[in-house]
Structures are given as structure tokens and as C-alpha cells.
Amino acid sequence: MTDRLTCLLCPIGCELEVEAGGGDVRVRGHQCDKGIDFASEEVLRPKRNLTTSVPLKGTVDRMVSVRLSDRVPREMIFPILAEITTLRPSAPVRRGDVLIADVCGTGVDVIATRTVASSG
Amino acid sequence: MEDRKTDDLFDVAVIGGGVVGCAVLRELSRYRLRPVLLEKCFDLGEGVSKGNSGVIHAGFNVRTGSLKARANIAGLKAIYDLAAGLHVPYRKTGKLVVAPDEEGRRHLEELKAQGDRNGTPGLEIVNAEAIRKFEPAVRGKWALYSPWTGIISPYEFTIALAESARRNGAEVRLGRNVTAAESKPDRFVLSTSSGPVSARWVINCAGLWADEVAGMAGSADFRVYPYKGEYLILDKAAGDILRMPIYPVPPRDESSLGIHLTPTMEGPVLLGPSGEYVDDKNDARSTRPVMDMLKAEAFRMVPALGRFPVIHAYTGLRPKIDGPGETGGPADFVVAESDRRPRWVNFGGIESPGLTAAPALAEMVVEIIGTKEALSSKDGFEPGLPDLPRFARLDDGARAARAAADPDWGEMVCRCEHVTRAEVRTAVRNPFGANSLDAIKRRTRCGMGRCQGGFCTPRIVEILQAEGLKPEDITKRGGLSRLVFGRIKP
Amino acid sequence: MTVFGMGKHGNVGVKTQGFATPLERLRDVDVAVIGGGPAGLAAALGASRAGAEVVILERGKRLGGILNQCIHDGFGLALYKESISGPEYAERLMDDVGREGIRVETGAMVLDLSADKILRVNSRSGYSLVRAKSVVLAMGCRERTRDMIEIPGDRPAGVWTAGTAQNLVNLQNLRLGNEIVILGSGDIGLIMARRLTFEGMKVKGVFEILPWVGGLERNVRQCLSDFSIPLELTTTVVDICGRDRLSSVVVSRVDEALKPLAGTEREIPCDTLLLSVGLIPENELSKRAGVELSPATGGAVVDEMFMTSVPGVFSCGNVLQIHDVADWASFEGFVAGKNAALHARGEIPTRGTIVRITPGAGVRYALPQIVRRSAAGVDLHFRVTAPRRNVWIEARGSASGTIFFRRKFPRLLPSELQKIKLTTAIDEDLEVAAHD
């Protein structure tokens, strides 16, 4: 089976042709070796980061944006979003603060992506 | 929301908050009367009064001897001083009606003769050279030049009239749709969406709905046929090459003034309107073929305008009382007390030049009431309004002084039209409680610029919440036009 | 001034005595950077590191510009060699700005810029004038609107540009609606499709009038394909329906001239329409200063120093040309800022003899448009007019036919800004073209 996909690792976006079968993955069209790893992963078990924002505790409109410390299997996106929905960090928050450790048992953390002072 | 004292008896109820209704209300506020204005929309000027060209007409397009002509000339004499006193921006620009050929010139001569008879001051037929001198971008062989024509923001004028009336004791109620009228010996009882309102006199200024409102009192003497006009607005840079309204020779049937180009106070140039009878009095849709046609027609007269982008489109409906296919020329304005229902006054067919004529039409109401009862002037009538300065029009010194005195004058909310938080705050706190995005737009120009609200809308949404509104109560134009559906994460 | 009918009462209620006039508050600075986004922050750093006294004038309440609402990841791959979010990217630059001790004014909007580099600035701390030896334009861009693409129909609530919607959702926690249609496949539109899906809104489709996608391919896969959001090319919105709130849009396929094809209309019920239909460099201030603009980019005509036609006024980031990647806006900023510092010290020679770089077949634009004669090592940006495979890009001397650059690219997209280096000294006008 041949799959066409675009490498997402950098803005070049190499168009890869991936043949997967019998546990073997063959890749064409990559400009660097990272493309092979990417294609194998993307075909066999795609991973994604995810980003969203949540209000600070006690507010509805002072937002702190968050992401994952590393990519997770794509099917974990919605379970993790459900976890994050009720997250209400207390100010102050610093960029990089771990807001949920080992979210959904994935081994990655939900971290703050912006710094928010105690007030203002 | 129920009105507090529903059994109150007003002397006069004005139905409709367009320019005529607001002018009538202000005129009544000169006298020892208790007037109220009922408007079904959530701001003033939401109907016919916002969907026009904003031109102060000098009175040569209307038939000699008609009420249109009399009211136009009388309104023209009053409106510039009135606007100045109310601090509504206007400019006496002059106007050119441009003909491409000799056939057109003959028509211009007829227009000039009609204007001279009507009392229009200073009309002149000018040649191509003079046209180039007035407006270098305009193409034409002959033109009728009218020095007294001008431009004004029709909705700012309408709002100012209402504010002036309110300052002098009149009441204004928005969101009050009149659904029925009961005629009692000494009063009319109007059913509204928020309870009954009683008044000894009713002045029907309901514009497009004037026939239906008249029908409620059993005095349906005319029918309103909505006549749709689409407009496009060009970027304000277009204002640099056009100083005065440019009209074509009007069509022979006098159904309209033709598709014209009108500069506005802040620079954007209006193209339009088209003209088409429609069935729906709410039809405010822009359509592709008309948009294309407007550009083609307008750019024929002023080709240089073709390089400016369209920043907005809008549509107005004119309340014609002569239906499609009727002959005998355009109907005259109707301003009359009903034969069947004394103390009930109908305004019908107030299309162009209704904006200019409004101050004069308002005086006719006083005359009508005055024939039935003695009216006495109120002491201390205040004709003017305080000036609300616009940051964009202030010089460096005035800007610095204001920002130093109040930091809200230092916070820019609109990047295109240079509007500050202080101006938005004042607009939100207007005396009528109109707090939709459009209401703020009409009072401040936030959202009228190139980016069409891309920058200011999130900021205004924040300010409205700071002023006490819940996000789900923020609307584009009141009613069901809510902007957002509340919080994502409560 | 013309008669406004307000004249003589212009200042009712405020006494001007007792306050500093703007001229008393005229401040002198080496380099004024207008805008504190990815380009402006980098420009300030570039200028400060080159020894200039710098002020950043940012109209937002916080530095970072549009990065603050771009909470998605994918930033920093070129500058920091890792994928971080917009706010993190901004804060890293802000940390450096803090370390450099650069003066920052937030909530400060520049309202006017003159050719002699006097800026009029308004902020909650006052209205003031700034006189700069050099100015870096880094104002970014604005979004094309419904009216600019002239979509007919009603004018209900619920029609947004994608960036404005992004602000409301990411920074104000506001729910736009329940059923969303997106017109335009620019990056912001694609990213918003995923974002709204995450927050429980149903994205019913993304429609693109062109036969190709406007945004990056990785965004198509990660933002649409991952969530089975339909993408339809050569399709546009031809009608907007709903008196108060949007109730539906009508989409139609288009022909090769991008005109709607009669008979292909389809009504899609929805309460929200997002428009991601292009960005426009925001050059209102540049025009005030008399900066020459390029119709092809919408930004300033610049030389290899990123200097505009007005001496001492430099331009970088999205106000110069629309970037697909923020890092590149920053790279431009570093260079423009450094050159602004050099100019402030009088260390940039006047242009002297120049050569011009113009776009040829298949190339939409090339930038810089002007190069000092004999300049070497010039970074040349270009965009192609349509997607191309196995295409040769050639920079050829217009007079001699000499090839200054020639390389085969496996694939080029109009959405992707390309950068190449012209190593040899350029001593004649060049034309940059794409050939099969």
C-alpha cells in the first residue's frame, strides 16, 4: 500500500511516498534522513502536540495558553483536551510551569506557554 | 423590560426614530408638551435614515409647487445652522450634475429652471473646463453646479436630533415595536412590545412601515412600496480625489437621482444607489450583479476611482408611495392629520429629499397641532448640544491635554479611524442605552475604516464587559444579532 | 481645515494650560521600532546589539504582537531549532529585550510618521512626539475582509476574519458559535479549524477559491485531515444569509477565471463564517512618511539593507512582505535593526549606483527590489505565481544574460516564501524567473 504524505518536521514539507507492508516501510522523496523516521511514524503511529488555553483560577477571561512537553499519539488528543478543560491554574504562572504532570499516563506534561503575573 | 408607568398619558407619541421622527420630537420639545418617541429597533436611524447618500439637497430635483420642493428649500435654509448647533459634522461641498453630451445639457437646463423656480440658490451651468477645475477626476461635457449642496452623516444627525429632544425633556424608548392602536375619545392607546403607551396625539413617522402603522388607526390612505438601493463604499483615500457629490443626469421618469458618487466627511466615497422595487421591507441584501453595475456606472463618470478598494457595502430602502408602473411622476410627501382619526398625523413617502426636509417637516407637525390647541413655548429650550470632540480631529496640543487629563484619551481602540477608549466609553454610555456594536460604530466610527472592525472589535467586546454587559448580551445591532455564544470554559 | 461645524468649541471642558505640550515632550532616540511582534522585537535586538539607543513602540498591552494569540506550536524551528508556541517564541525574544535594557512602551500607538522621522505616539501615559535618527517599520499586517472580496448577501452577526476570531477564542475565552464554515485556506484559517474543533465547535468545511491551498501543507494534514474536516478547492462563498445572526452560507464552485459556476450552488447551514482570505501589509504610516510601496508585495520597496525609499526608514516582517513563518520575519528584523543602528551613526553609505531586481516569468515578486551595485551575498526572497514541480529558478543579468543564480527546486508553492543567496557581486539589473 502506498501513502502520500507531506513531511511536517520543517517548513520545507517534503512530499514523501511511503510504502508499508509486512512490517516494512519504504520511503521516497525525502530531502533528509529525518524524513524516513517521520514517514514511518506518521504511517504506523502518528504523534502530535496539542495547544489550547484555559482561564486562570477565579477568572473567566484571563487566559494562559498551554501545550504538551512532547508529542503524544494522535488518538490521545481528545482525552487530554478533556483533562485540560477543567484546568484552572493559579496566578502567577511562568512559561514552562508544569500544570498537569504525566497527563493521561502518557508520560508528557501539560506546560504553560506564557507568563502571567499575579495581577493585571 | 416593562415600562415603569404604563398608564401615563403623553401629549404626543411619535412612532419611528428616523430623521423625521427625531426632528419632530425635537420640535415638540420646544413646547409645554410631554412627547415620547417609540422606535422598534435598538438604536435611532436604523431604517431609511441610515441607508442613503447623506446629501443635503439644494432643491432643484423636485417639482415646483410640491410639498417636496417647499420642505426641501425650507429645510436647506435651516439644516446647516441646525447641524452646527448640534455639533454634527457637515460640509457645504457644492455638487455637480454631469452630462456627457448636448442632449444631457438640455436636461440640465430644465433642472436649473426648476431649481430657479423652487428657490435653489446659485445654480449655474458650467462647461468641461469648469468641471475640471472643480473636480479634476470627473469626466463630463456640461454640468449643473449647485453651490448650496452639502454632505452630512445622516445617522449622526438623527441621533443628535434625538439627544437634543431628550435634553429638552422628551422621552425616547428603543426596542418598542408598536403592534396595535386603540382609538379612545381623548387618547390613543398604543400596544407595544413592552406594554401600552397612551397619548393624545400620534405622529406616524414609521417610514417603510408607515402604511401598516396608519392602518392600525384605520387611516390607511397610502401604501408603502419598498424601493431598494444598494451602495458600495470606497476606501478613504478616494476622498482625496473627490470633494463634492457627482451626479449623472437623472432618469426621465424621476424615479431616482441616478447612481452617484458622494464623498463623506472622513473621506470614504459612496457609490450608489441602485433602484429596484422589492417585496420585503427588511431586504438589506447586497447582490453581485448590482455591485458590479454600481462600479461600472460610477467609474464611467470618475474613472480614477477604479483604483480604490471597496471597504464596505450597504443597502437602503426608500419608502415610496407610488408603486411600480404607476404613471404621473413621483408621488409627493404626505404630511396630514387623518380625516377619520383626528389627532393622528401620518407621514408618508418621505424619501429623498427627506433628510434635508426633516427640520421643515417637523415644523408642520407643530402647525397641525396648533390648529387644534394652543401651544405655548417652554422657557429655557436649549437648541444646541455640547460638543463631543473626536480625537482624530484634534491638534497635537488638544490631544496631549486630553490624554494627560484622562488616560482613556490615550488608549487607542480603533487603528483606522483613530478612536480612543474615552470616545467609546462616552458612546456606550449614550442616553438611550443603545449599546450594540453598530450603535458604537455610528457614534465613534469604530469599525468604519479599512479593517472593518478587525482590530477594534475584540477591544470593544472587552470595554462593553467592563461597562457591565455579559458577553452573550453583546450584539451587532440589538435583538437576536448576538456576537458570541458566551464563554468556552466557564 | 474644512468646515466641520464644530470648530470654535473644539476643546470644551479641557484646559490646555498646566499640561506639557507634545513639543515639550519631544524625545530623541537613535532607533524607533514601530511594532513589538516577531519582526519588531528582533529589530530592536539587532539595533541594540549594534550599539544604538532603541525604543519599541507597541500598540498592544503586551509585547509580542500577533504571537500572543497564536498559541499553536510550530514557531521557532529556524530560530531556536525546536517547535514552540507563539507566546513562548515572543517571550524568548522579550527576555532578550529585557536583558539588553531596551526601552519598551506598550499600549502606545504610533499615529503619524513624517519623512523627517518624527513620530506621534498616543498611550495611556500621554501623547508625545518622538524624533528618531532611524525608524524600523514593523507594524505587521491586517486581514482582508468580507467587503474587500465583495461577498454579497445579508449583513448578520457571526462573520469574522480568522485572526479576530482567534483573539476572541484564545485570549477572551469566547464561544463564536456552534457550526462553523471557513472561507480561505490560509494558515490562520486552517489553525482555527483545529482550534474550534478542540473547543467543541463543529467545523463544517474549509473552502478555497484557488485550485491550491493557501497555507502550509503541514497545517492541512494536522489541522484538517486529522479531524476529517472537508477541504474543497475551487469553491467560494457566494451568498451570506441571516438577518440578525448568520443562518447559512451558499458556496459555489468557480471556473478558471474564479467566477462562480451557475448551477453548482449549495447552501450550508451555519451560525459562523470565518474568513482567511489574505493578509495586507499595514503600511498606513509608511505612506504618511512617503515610503515607496510595491504593488506586488503591498510593502515597501527596499534595498539589501531593508532600507526604504526614505533614508533612515527600514522595513521588516509582515509589513514588508507576508511571511508564512514567523522566524523569517525575525531574521529580517535582526538585519533591519542592525542597519538602522548603523544608519543612526552615519555608517551606512548613501546608495550610489543601484541595480534593480525584477520578477520574470512565473515569479510573483522578488525582494529586495533594489541593490547597491556590486553588493555580494544578497539574500533574495521570492514567491512563485502558481505551484510548480521540478522548476528551475534563475536570476539572470538583464543586459549580459549572465546567470547569477540557477537551481532546480523539486516543488515550489505560492504560499511559501523562498529565500536564496546571490553570492557573487551584482553589477547589473537582474530578472528572477521560473522555468521548467
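Before I turn to the chains, one term: a residue is called buried when its relative accessible area is under 20%, exposed when it is over 50%, and partly exposed in between. What I am showing this morning is a predicted model, so please take every value as computed from it.

With that term in hand, let me begin with the cysteines. A:Cys32 has a relative accessible area of 37%, and is therefore partly exposed, and A:Cys104, at 35%, is likewise partly exposed. Over all chains, the structure holds 0 disulfides. For A:Cys32, the nearest cysteine sulfur belongs to A:Cys7 and lies 6.5 Å away, so the pair does not meet the cut-off of 2.5 Å between sulfur atoms that a disulfide requires.

Now to the contact between chain C and chain A. Chain C contributes 33 residues and chain A contributes 34 residues, and together the two chains bury about 2,800 Å², with 47% of that area on carbon and sulfur atoms. Of the area that chain C buries here, 21% comes from C:Glu88, C:Phe198 and C:Arg221, which is more than any other three residues supply. There are 8 salt bridges between chain C and chain A, and one that you can look up on the screen joins the side chains of A:Arg95 and C:Asp95, at 3.1 Å from N to O. Polar contacts at this interface come to 16 residue pairs, both residues being at pLDDT 80 or more. Several elements of chain C supply at least two residues each to this side, among them helix H4 (187–198) and strand E25 (403–412), while H2(C) gives the most, with 5 residues. By class, this side of chain C has 10 nonpolar, 8 polar and 15 charged residues.

Let me move to the other interface, that of chain C with chain B. Here the contact takes 64 residues from chain C and 69 residues from chain B, and the buried area is about 5,900 Å², of which 54% is on carbon and sulfur atoms. C:Arg124, C:Glu150 and C:Arg155 account for 12% of what chain C buries against chain B, again more than any other three residues. Across this interface there are 12 salt bridges, including the one between B:Lys489 and C:Glu199, whose closest N and O atoms are 3.0 Å apart. Residue pairs in polar contact number 30, with both residues at pLDDT 80 or more. On the side of chain C that touches chain B, H3(C) provides the largest share, 5 residues, and the classes divide into 27 nonpolar, 18 polar and 19 charged residues.

Notes:
Residues are numbered from 1 along each chain as its sequence is written. Chains are lettered from A and ligands numbered from 1 in the order in which they are written. This is a predicted model: local features need pLDDT of at least 70, side-chain atom pairs count only at pLDDT 80 or more; totals for chains, interfaces and linings use all residues. Side-chain values use heavy atoms; hydrogens and water are left out. Contact means heavy atoms within 4.5 Å. Buried area is the accessible area (1.4 Å probe) that two parts lose on being put together, summed over both. A salt bridge is a side-chain nitrogen of Lys or Arg within 4 Å of a carboxyl oxygen of Asp or Glu. A polar contact is a pair of N or O atoms within 3.5 Å; within protein, one must be able to donate a hydrogen and the other to accept it, and residues adjacent in sequence count only if both atoms are side-chain atoms. Helices (H or I, at least four residues) and strands (E, at least two) are DSSP runs, numbered from the N terminus. Ala, Val, Leu, Ile, Met, Phe, Trp, Tyr, Cys and Pro count as nonpolar, Asp, Glu, Lys and Arg as charged, and the others, Gly among them, as polar. Buried means under 20% relative accessible area, exposed over 50%, partly exposed in between (1.4 Å probe, protein chains only).
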